[in-house]
Amino acid sequence: MRRLLNTLYVTMPDAYLACDGENVLVKVKDEIKFRVPVHNLESIICFGFAGASPKLMYLCCERGVALSFLTEYGKFMGRVTGGISGNVLLRRAQYRWADDPSISARLSKRFIAAKIVNSRALLHRVLRDHKEVVDQNSLEKALRWLAGTLDRLEKAPDGNVIRGIEGEAAQIYFSNFNQLVLSQKENFYMENRNRRPPTDNINALLSFLYTLLTHDVVAALESVGLDPQVGFLHRERSGRPSLALDVMEELRPHFADRLAVTLINRKQISADGFIVKENGAVIMEDETRKEVLTAWQKRKQEEITHPYLEEKIPLGLVPYVQALLLARHLRGDLEDYPPFFWK
């Protein structure tokens, strides 16, 4: 089993990354602010316009450390990777399967079924634990409706119908998302899910967490030799990591949505940590972003029992396990792909 290593988040806008032998250095105005051995890192994520030396980029490529650059608001800009790894036969199988509508539909059903089950689990938990403060009728109706979509999903004949069901399920889920928020309700209220740009605090937080999850899933897929840009549910579009978005569907509720709600309900973040720009876009202040990154990294260290492997693993390894299971299915070692169901 792969070992979960650390992710280095560089949030200082005037930082410059370099290396000294086997060590990654974070410098500000030629002063070394941080030093870490490269073998302790799984990835480096830079926010803002931090620069990096070619030598550091080479070291990351050589050691398989993903080096990504995001804007200060968390929008993905680019990534430095080494040579393509893995078996070319695996990627050829992925491309053939992606071109086959029936196989694509079958795998798409797996991703979306897990997304619906995991979304439903979040709503069910708040109904079970906080009956006295939530709208029981609305939640019970949403739970019944989401359960019904699973039946329709299984009978869906093609990708278009599957995408339609996924859209309906997401609309029902996000229309009840405010009920997951038990404190700071006046400052964390979602009218609807929006992202380009996010126009409220919850959407800004979710978009940021989804960006972090995308980075982890892309790195996991590449590490097992799959092409993150060729998906089964999400069709190809230039620059879009379609397969990563496919796998993310099953992981979003437990990884990102649950963490967002926890940060709000425990008051680890507040409305003061968000800024409304002139165009209406809502972004996070630096301190809030650091709080979220710390919580994200801690959450990845939490141990869970993987529902398919039935082994205890850190939560942060789940994207890698799912990528590995998908690769094994493509190779013919597994009869079907087992998505990540969280109860």
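**Figure 1. Gln 184 sits in a loop between two helices.**
In this predicted model, the loop holding Gln 184 joins α5 (159–175) and α6 (201–223). Gln 184 is not a glycine, yet its phi is positive, at about 55 degrees. Is Gln 184 buried or exposed? Its relative accessibility is 14%, so Gln 184 counts as buried.

**Figure 2. Lys 29 lies in the loop between β3 and β4.**
Lys 29 also has a positive phi, of about 55 degrees, although it is not a glycine. The loop here belongs to a hairpin of β3 and β4, with two residues between the strands. Is Lys 29 buried or exposed? The relative accessibility of Lys 29 is 75%, so this residue counts as exposed. Exposed starts over 50% and buried ends under 20%.

**Figure 3. Strands β2 and β3 form a hairpin.**
Strand β2 covers residues 15–20, and strand β3 covers residues 23–28. The two pair in the antiparallel sense, over six bridges. Follow the pairing from one end to the other. Ala 15 has Val 28 of β3 as its bridge partner. Asp 20 has Asn 23 of β3 as its bridge partner. Two residues lie between the strands. In the turn, Gly 21 has a positive phi of about 65 degrees. Strands of a sheet pair through backbone hydrogen bonds, either parallel or antiparallel.

**Figure 4. Strand β3 also pairs with strand β4.**
Strand β4 spans residues 31–37. How many bridges join β3 to β4? There are six, and the strands run antiparallel. Val 28 appears again here: its bridge partner in β4 is Glu 31. Val 28 is also the partner of Ala 15. In a regular strand the side chains alternate between the two faces of the sheet.

**Figure 5. Four strands make an open sheet.**
The strand order is β4-β3-β2-β6. The pairing is mixed. Which strands are at the edges? They are β4 and β6 (51–52), and each pairs on one side only.

**Figure 6. Cys 46 and Cys 60 are buried, without a disulfide.**
A search of the whole structure finds zero disulfides. Why does Cys 46 have no bond to Cys 60? The closest cysteine sulfur to that of Cys 46 is in Cys 60, at 8.7 Å, which is too far for a bond. A disulfide needs the two sulfur atoms within 2.5 Å. Cys 60 is in no disulfide either. Its nearest cysteine sulfur is that of Cys 61, at 7.0 Å. Cys 46 has 0% relative accessibility, so it counts as buried. Cys 60 has 1%, so it counts as buried too.

**Figure 7. Lys 115 is a buried residue in helix α3.**
Helix α3 runs over residues 101–129. The relative accessible area of Lys 115 is 14%, so the residue is buried. Which residues does Lys 115 touch, leaving out those up to four places away in sequence? They are Glu 166, Ala 170, Glu 249, Glu 250 and Pro 253.

**Figure 8. Helix α8 spans residues 286–301.**
Does the length of α8 agree or disagree with its residue count? At 1.5 Å a residue, its 16 residues should span 22 Å. The C-alpha atoms at its ends are 23 Å apart, so the two values agree. The buried residues of α8 include Thr 288, Arg 289, Val 292, Leu 293 and Ala 295. Trp 296, Gln 297, Arg 299 and Lys 300 are buried as well. An α-helix has 3.6 residues a turn, so residues three or four places apart point the same way.

**Figure 9. The whole protein puts the close-ups in context.**
The protein has nine helices and twelve strands. Its radius of gyration is 20 Å, close to the 20 Å that the globule rule gives for 343 residues, so the protein is as compact as a globular protein of that length. The C-alpha trace spans about 60 × 50 × 40 Å along its principal axes. How much of the protein is buried? Of the 343 residues, 55% count as buried. Among contacts with a separation of 6 or more, 60% join residues 24 or more positions apart. The exposed area is about 16,400 Å². Carbon and sulfur atoms supply 50% of that area.

Definitions and conventions: Residues are numbered from 1 along each chain as its sequence is written. This is a predicted model: local features need pLDDT of at least 70, side-chain atom pairs count only at pLDDT 80 or more; totals for chains, interfaces and linings use all residues. Side-chain values use heavy atoms; hydrogens and water are left out. Buried means under 20% relative accessible area, exposed over 50%, partly exposed in between (1.4 Å probe, protein chains only). Two strands pair if DSSP finds at least two bridges between them. The expected span of a helix is 1.5 Å times one less than its number of residues. The radius of gyration is taken over C-alpha atoms; the globule rule is 2.2 Å times the number of residues to the power 0.38. Contact means heavy atoms within 4.5 Å. Accessible areas come from the Shrake-Rupley method with a 1.4 Å probe; for residues, only the protein chains shown count as cover.
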